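Trainee: I am new to this structure and would like to understand the words people use for it. Could we go through them together?
Mentor: Gladly; let us look at it first.

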Amino acid sequence: MDEINTTVHIPTMETNGPLIQRLERVIDTLQENSVKMGQMLAVHNEKLDKQDRIDAVLFEKVDSVHREVTRKTDEIKKGCERDIRMVDDRLKVMEKKMWTICGALTVVSFIVSPVGQKVLRQFTNPPSSVIIGETQIGSLERSRQQIHQSRII
């Protein structure tokens with residue numbers, strides 16, 4: 001039968017030396033990269049913390065401006081409502097005066113008109129005549145004489 005080679009090749013230190021050195025360099029490089037990554041993460045973390053503080057200040061300023069704008073808006077709104085009420089009150093007074101004047105003009109126009117004159121004549125007594133006729137004078141003289149005689153008796 002054929003012989004089978006059953007020898008196992010066991011690596012020696014001489015053949016493994018360059019491999020181990022290369023692995024040690026890779027490990028050193030990984031350690032350096034890990035340290036550099038840690039430093040970068042620390043710097044990045046610091047930047048994030050700084051940005052968070054800046055954001056907090058900015059949000060506080062935005063909230064402050066919002067409160068101020070809201071307060072000023074309320075003041076303006078109250079002022080406008082007050083002005084509208086004042087104008088409305090003045091318009092009511094003017095409207096009242098206008099209707100009073102309109103009514104007075106209507107009454108005066110009616111009184112001055114021919115129809116109004118006729119109506120007014122009905123409510124006033126017609127003036128009695130100032131001219132005394134002769135028959136009335138004679139009767140007045142007799143009445144006076146009668147009054148004088150009655151006193152004498």
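Trainee: What makes the contact of Glu-46 and Arg-53 a salt bridge?
Mentor: The term asks for a side-chain nitrogen of Lys or Arg within 4 Å of a carboxyl oxygen of Asp or Glu. The side chains of Glu-46 and Arg-53 meet at 4.0 Å, N to O, so the pair fits that definition. Please keep in mind that this is a predicted model, where local features need pLDDT of at least 70, side-chain atom pairs count only at pLDDT 80 or more, and totals for chains, interfaces and linings use all residues. Residues are numbered from 1 along each chain as its sequence is written, and side-chain values use heavy atoms, with hydrogens and water left out.

Trainee: Why is Glu-46 called partly exposed?
Mentor: Buried means under 20% relative accessible area, exposed means over 50%, and partly exposed is in between (1.4 Å probe, protein chains only). Glu-46 has 46% relative accessibility, so it counts as partly exposed.

Trainee: Which salt bridge does Glu-60 form, and why is Glu-60 given its exposure class?
Mentor: Glu-60 pairs with Arg-67 at 3.4 Å, N to O. Its relative accessibility is 44%, so Glu-60 is partly exposed.

Trainee: How many salt bridges are there in the structure?
Mentor: There are six. Another of them joins Glu-75 and Arg-71 at 2.7 Å, N to O.

Trainee: Where do Glu-75 and Arg-71 lie?
Mentor: Both belong to helix 1 (residues 13–112), four residues apart, which is about one turn of the helix. Helices (H or I, at least four residues) and strands (E, at least two) are DSSP runs, numbered from the N terminus. Glu-75 is partly exposed because its relative accessibility is 42%, and Arg-71 is partly exposed because its value is 40%. Salt bridges with shared partners link Glu-68, Arg-71 and Glu-75 into one network.

Trainee: What pattern does the protein follow along the sequence?
Mentor: The pattern is α-α-α, with three helices and zero strands. Buried residues are 1% of the 153 residues.

Trainee: What makes Val-107, Val-108, Phe-110, Ile-111, Val-112, Val-115 and Leu-120 a nonpolar patch?
Mentor: Patches take residues with over 30% relative accessible area and no salt bridge; like charges are joined within 9 Å, and nonpolar side chains (Val, Leu, Ile, Met, Phe, Trp, Tyr) within 5 Å. These residues together have about 610 Å² of accessible area, a value from the Shrake-Rupley method with a 1.4 Å probe, where for residues only the protein chains shown count as cover. Helix 1 and helix 2 (114–123) each give two or more residues to the patch, and helix 1 gives the most, with five. Val-108, in helix 1, has a relative accessible area of 48%, so it is partly exposed.

Trainee: How many disulfides does the structure hold?
Mentor: Zero; the term needs a pair of cysteine sulfur atoms within 2.5 Å. Cys-80 is partly exposed because its relative accessible area is 42%, and Cys-102 is partly exposed because its value is 34%.

Trainee: Which elements have the lowest and the highest mean pLDDT?
Mentor: Helix 3 (residues 134–152) has the lowest, 67, and helix 1 the highest, 94. pLDDT is the predictor's confidence in each residue, from 0 to 100. The protein's mean is 85, and 76% of its residues reach 70 or more.
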